[in-house]
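Me: I'd like to walk through this complex with you, one question at a time. Could you show it to me before we start?

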Amino acid sequence: MSKPHYDREHHVKKATGIGDPQCFKGEAGAPKFKVGDKVRIRDLPDIFYTRTQVYTRGVPATVAQLVYESPAPEDEAWDNTDKVVWFYSLVFKQKDLWPDYPDAFANDTVETELPERWLEPL
Amino acid sequence: MAEKHKPAPMVDEVSEFEVLEIAVRELAIEKGLFTAEDHQRWTEYMHTLGPLPAARLVAKAWLDPEFKKLAVEDGVKASLEVGIDWVNSMPTHFGTPSDYCNLRVLEDTPKLKHVVVCTLCSCYPRPILGQSPEWYRTPNYRRRLVRWPRQVLAEFGLQVPEDVEVRVEDSNQKSRFIVLPVRPEGTEGWSEDQLAEIVTRDCLIGVAVPKPGKTANDPRPVRPAVNPYHH
Amino acid sequence: MAEINPKYFELDKEMRDRDLDESTPVSLLEDVKGKGRVWDDLCEQYGVDNPDPPWRITLEATCDMLAGGYWETFNVCKPKEERDSEEEQKHLDAVERRWEEDQLVNKYYDEVPFPERQLLALAHTLIRRGLFDEEELARRMEEIDRRLNSA
């Protein structure tokens, strides 16, 4: 495996005065999911760096909002910003997250954001 | 008059901790980990931050339905009206590895109560809310809030009725969050300044709700981490 | 699905297997922990009600700066052995630092209040990573102590 090239300047140049994640707007293409879609969080192998919480893996959720476009943290942590994807805000039912907890309230929810690659249609 | 200008009391003693902080910083600079100039610029910027702009944003939203709509749709744009430019106020002009420029304002309703956590580290909307309190950083709060939100809120003195949905926002990516609580009764006819005073930091994180007459955060006990149930 | 570099799997395993059980107490920091007067005590003695010591923001800024030179690079958080240049070796990613802070506090600084515990943990982390050593830090502390107390 060849060593990736880390360009120290490109992100600063791209984001200055625009903001991050704003600087990636329009780069992700058509989103695969829309608000209201039911999805399941994929249980992908843990890679070295991820921000997908273990407690969400394999759990169903509903798309609440398409929030922004950005490289996924798994790529960005390695300074790979070529592949920009949609990020979704997802709502989980507490009952689905913690089925073993008798004291989870039926109405209570957790909301969190994930990149498209972690979602599969339900 | 002159008596009113007595100097405020100050700590007239250099502690070992203060010395250690300076030593760590000076060595880091000498080793080239960062420059003294960058550190100073960043420190100066951080000293300007606090929860007041976020409180004012909430007060404005309570008074102006159009502004509330803007705040919920585009928190970054709404922040400009309370003097916070998420992109350009920062010395970097684009955000940082922990301060991304996507503020989301979470609107509570009589049937929905939001509360914010970052289970992965301790992401916090610093540009508009200042430094996070200690309890927000503890593994105890981070691990337990997503699992037992009502119990944790009860420890903060907030009992949420059963028919109100508690929604925990786990801040894990590039959005940062503040809560827009329901305007409390007893504040009819209040000015923006009066309203902003009761929107405390804890109300903006979501572990408290605003009340007339309450303008400060309660002291929060900090508990050691407990091992969570393994999912 | 994007291709996942197989190298990541090894790194992930390494990260999960990594723990701080082999860490040792740093006698200099134990000394500060024992002798140092925490902010709460100083406030009480001097009748000050500022909840944070004046150095809290400076410490926070140091942590931010270590997370990756804000003006040069961005979000470098590769594991140490993967960092190609000397420059990259110096970064201490925020997630890594927070993880170590939690571990070290739990093991050594549990009794110390915040933000003193954050400071002890950061100094401990930097010594563990060899960014400076204990003697160097001790010498520097003596020097600063002389400087501040002679002023």
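**A first look at the complex**

Chain A has a secondary structure of 3 helices and 5 strands, where helices (H or I, at least four residues) and strands (E, at least two) are DSSP runs, numbered from the N terminus. This is a predicted model, in which local features need pLDDT of at least 70, side-chain atom pairs count only at pLDDT 80 or more, and totals for chains, interfaces and linings use all residues. Residues are numbered from 1 along each chain as its sequence is written, while chains are lettered from A and ligands numbered from 1 in the order in which they are written.

Me: In what pattern do the helices and strands of chain A follow along the sequence?

Reply: Happy to start there. Chain A comes to 3 helices and 5 strands. Read along the sequence, their pattern is α-β-β-α-β-α-β-β.

Me: How many bridges join β2(A) to β3(A)?

Reply: Let's begin with the other partner of β2(A): β1(A) runs antiparallel to β2(A), with 3 bridges, and K38(A) has T62(A) as its bridge partner there. Two strands count as paired if DSSP finds at least two bridges between them. On β3(A), residues 84-93, L90(A) stands opposite V63(A). The strands β2(A) and β3(A) also run antiparallel, and the number of bridges joining them is 8.

Me: What percentage of the residues of chain A count as buried?

Reply: A residue is buried if 20 or more other C-beta atoms lie within 10 Å of its own, exposed if 12 or fewer, and partly exposed in between, with C-beta atoms placed from the backbone. Chain A has 122 residues, and the share of them that count as buried is 44%.

Me: Which element of chain A gives the most residues to the side that touches chain B?

Reply: Good one. Contact here means that the C-beta atoms of two residues, placed from the backbone, lie within 7 Å; by that test 27 residues of chain A are in contact with 27 residues of chain B. The elements of chain A that give two or more residues to this side are α1 (10-15), β2 (60-71) and β4 (109-115). With 5 residues, the one that gives the most is β4(A).

Me: And in which sense does β4(A) pair with β3(B)?

Reply: The strand β3(B) covers residues 165-170, and 4 bridges link it to β4(A). One of the partnerships sets T109(A) against R167(B). The sense of this pairing is parallel.

Me: Turning to chains B and C, which element of chain B gives the most residues to the side that touches chain C?

Reply: This contact takes 41 residues from chain B and 50 residues from chain C. Two elements of chain B give two or more residues to it, α1 (16-30) and α2 (36-47). The one that gives the most, with 13 residues, is α1(B).

Me: Why do the buried residues of α2(C) line one face of the helix?

Reply: In α2(C), the residues L29(C), V32(C) and K33(C) are buried. They line one face because, seen down the axis of α2(C), they fall within an arc of 100°, the arc being that of the directions from the helix axis to the C-beta atoms. S27(C), G34(C) and K35(C) are exposed on the other side. As for what covers the buried residues, it includes α1 of chain B together with α7 of chain C.

Me: Where in chain C is confidence lowest?

Reply: The score to look at is pLDDT, the predictor's confidence in each residue, from 0 to 100. Chain C averages 77, and 67% of its residues score at least 70. Confidence is highest in α2(C) (residues 27-35), at 95, and the helix where it is lowest, at a mean of 50, is α1(C) (residues 6-17).

Me: Which peptide bond in chain C is cis?

Reply: Most residues other than glycine have a negative phi, and most peptide bonds are trans. In chain A, the bond from D20(A) to P21(A) is cis, with omega near 20°, and P21(A) lies in the loop between α1 and β1 (38-41) of chain A. In chain C, P115(C) sits in the loop between α6 (94-107) and α7 (116-128). The cis bond there, with omega about 5°, joins F114(C) and P115(C).

Me: Last one: what ipTM does the predictor give the complex?

Reply: Two scores are given for the complex. The pTM is 0.83, and the ipTM is 0.91.
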